[in-house]
Amino acid sequence: VIPPIAVRGPCVTIRKFSQIPLAIDDLVRLGAIALPMVKFLRASVEARKNLIVSGGTGTGKTTLLNALARFIPDKERVITIEDTAELRLQREHVVTLEARPPTLEGRGEITIRDLVKNALRMRPDRIVVGECRGAEALDMLQAMNTGHDGSMTTGHANSPEDMMLRLETLVLTGAAMPIPAIRAQIASALHLVAQITRFPDGARRVTGIAEVAGIDEETGLIQLEDIFVYRPAEAGREGRYLHTGYIPSFVAELLARGTMTLDTFF
């Protein structure tokens, strides 16, 4: 940014990523996620469960999404869609699409929503959207509901509950739909929410993994069930990753595939 927008002078922001992207093993070594959580997420990705990574700015959402995308089988066709191409999937069969801003004359813009709609015509097995921040959230949810299982995206929110509310708001920017219909769309499309948080000491951790369990009949809100949580350090006790005791509704499918056992939870 430059004056007059930048009042005190020009300012340049550089988003710099390492030449070798962090793998999931690196995140475990750094304490950003626990091994049982990794086993569960890997089994869920391989079983084509739809997932959204939620977190604030600079928490590492793109890094986590990039690491989880490595669990997608190599035989599958993946299309990535981003504002700025930052995802680096270490695989052979991947199509990378990047949005384009309008020219000074206001022409030639290609939005993420345009790319999502066109990606559906490219016969993808999975769609990975770098970040849902607008009306493309509706198209992403519809894609998840119409045969593109195993798709992933990220979103800005401080908790899984906040992420559900934000998705409702994003969908409303693209379509005048009744709130109950939007919630039903979200509940049927999404399976898991992985929440990532940046702590005051600079550490980034996956603080929760929750299942989108459906619609609460009493409140009409989207019902979330925590599967794994992170308990911050307290007096005389270090921070811990814990399984809440809740078993996901689709666990039988994961067990049948042989990619994990119930020991992962307990």
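**Figure 1. Surroundings of Leu68 in the predicted model.** Leaving out residues up to four places away in sequence, Leu68 touches Ile24, Leu41, Val45, Leu51, Val53 and Met152. Leu68 is also among the residues with the most contacts inside the largest nonpolar core, together with Ile24, Phe40, Leu64, Met152 and Ile209.

**Figure 2. The largest nonpolar core and the elements that build it.** This core has 37 residues. Two or more residues each are given by helices H1 (24-29), H2 (35-46), H3 (61-69) and H8 (251-257), and by strands E1 (51-55), E6 (192-198), E7 (204-215) and E8 (222-231). Helix H2 supplies the largest share, 6 residues. Another core, of 35 residues, lies apart from this one, and Val95, Ala137, Leu141 and Ala187 are among its members.

**Figure 3. Strand E3 and its pairing with strand E2.** Strands E2 (residues 78-82) and E3 run parallel and are joined by 5 bridges. Ile81 has Leu97 as its bridge partner in E3. Side chains alternate along E3 (residues 94-98). Val95 and Leu97 point to one face and are buried, whereas Val94, Thr96 and Glu98 point to the other face and are not buried. Of the residues on the buried face, Val95 belongs to the core of 35 residues introduced in Figure 2.

**Figure 4. Thr59 in the loop between E1 and H3.** The relative accessible area of Thr59 is 5%, so this residue counts as buried, the cut-off being under 20%. Its side chain reaches the backbone oxygen of Gly56 at 2.8 Å. When neighbours within four places in sequence are left aside, Thr59 is in contact with Ile196, Thr197, Arg198 and Arg204. Strand E6 (192-198) spans the positions of Ile196, Thr197 and Arg198, and Arg204 stands at the start of strand E7 (204-215). Both strands also give residues to the largest nonpolar core.

**Figure 5. The largest cavity and its lining.** The structure holds 1 cavity of 30 Å³ or more. About 40 Å³ of space lies in the largest cavity. The lining consists of Ile52, Cys132, Ala137, Met140, Leu141, Met144, Thr153, Leu167 and Leu190. Helix H5 (residues 136-145) gives the most to this lining, with 4 residues. Two of the lining residues, Ala137 and Leu141, are also among the members of the core of 35 residues.

Conventions: Residues numbered from 1 in each chain as written. Predicted model: local features only at pLDDT ≥ 70, side-chain atom pairs only at ≥ 80, totals over all residues. Heavy atoms only, no water. Buried < 20%, exposed > 50% of the residue type's maximum accessible area, 1.4 Å probe, protein only. Pairing = 2+ DSSP bridges. Core = buried A, V, L, I, M, F, W, Y, C linked by side-chain atoms within 4.5 Å. Contact = heavy atoms within 4.5 Å. Polar contact = N/O pair within 3.5 Å; in protein donor to acceptor, adjacent residues only side chain to side chain. 1 Å grid on protein atoms, 1.4 Å probe; cavity = no way out; pocket = protein on both sides within 12 Å on 5 of 7 lines; lining within 4 Å. Points joined across faces, edges and corners; volume = space filled by probe spheres on them.
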